[in-house]
Amino acid sequence: MSNNVHLGHTARKRFGQNFLTDEGIIGRIVAAIAPSNDYTCVEIGPGLGAITEPVAALIDTLNVVELDKDLVERLQSHPTLSHKLKINQGDALKFDFGSLVEPGKQMKVFGNLPYNISTPLMFHLFDYAEHIHSMHFMLQKEVVLRLSASPGTKAYGKLTVMAQYHCQVVPVIAVPPGSFVPPPKVDSAVVRLVPHKVNPHPCQDLGTLNHVVSNAFNMRRKTLRNNLKKLFSDEEFASLNIDATKRPEDISVEQYVALANLYLTKDK
């Protein structure tokens, strides 16, 4: 998340860079993250430091993961930031976030995520959920709507089910295009993801949950029975009190977990 346009960095299309310059929005995002030395703070894609600077001002050390070598060099020679940053140059999708865990501290992770990596990166971070207190991400507004959707709505889909399986999801700040340079063509929003400390509906195997949910949403306009006929019989749906004539977006996270757990008992 970045401003400081006077640093003369040209936004690069290939990294999907739009730099955040609206001070009011920046202040609200920092307040939402609530950085403190009680947590290990991690920024993904600091860019030119719009969020990095005000966050680093509140804490002793900020870990950053940045792919762009030019931006890494800028951060390394930054007059006020360089001594506060622990910089990891590389791809956040492959990064071992477990390597940043400090004894007795949970992580606060935040970043302005390019559209093309936002979903796989969130799934990568879910692997570290036990170490994470909260995540704040700036995303395209439509992705935030999908993450936070309720069953029975158009935005509800595979991403919704898998994200809400791991986390409580709350949209926190709407960010209009004019808050960035250059202005993106879409609306953005900041979402807060808080991993469940105790999962309300534990699944015995996440790969199986993913398999069931992927198949269910394969064709949104078809019924659950149609999409999952290779996996479950009508009797099995009935045994879980799930109406097989419903569409995939009408089934709750808890019900998808129940289906996945049932499927695991059949495998044995």
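Why is the sulfur of C41 not in a bond with the closest cysteine sulfur? The legends below start with that puzzle. This is a predicted model, where local features need pLDDT of at least 70, side-chain atom pairs count only at pLDDT 80 or more, and totals for chains, interfaces and linings use all residues. Residues are numbered from 1 along each chain as its sequence is written, and side-chain values use heavy atoms, with hydrogens and water left out.

**View 1. Cysteines without a disulfide.** The sulfur of C41 lies 17 Å from the closest cysteine sulfur, in C167, which is too far for a bond. For C167, the closest cysteine sulfur is in C203, 15 Å away, again too far for a bond. A search of the whole structure finds 0 disulfides (pairs of cysteine sulfur atoms within 2.5 Å). C41 counts as buried because its relative accessibility is 1%, and C167 counts as buried at 2% (buried means under 20% relative accessible area, with a 1.4 Å probe and protein chains only).

**View 2. The open sheet.** Here 7 strands follow the order β4-β3-β2-β5-β6-β9-β7, with mixed pairing. The edge strands, β4 (85-89) and β7 (167-175), each pair on one side only. Strands are DSSP runs of E, at least two residues, and two strands pair if DSSP finds at least two bridges between them.

**View 3. Strands β3 and β4.** Strand β3 (residues 62-66) and β4 pair in the parallel sense over 5 bridges. Look for V64, whose bridge partner in β4 is I87.

Note on methods:
Helices (H or I, at least four residues) and strands (E, at least two) are DSSP runs, numbered from the N terminus. Buried means under 20% relative accessible area, exposed over 50%, partly exposed in between (1.4 Å probe, protein chains only).
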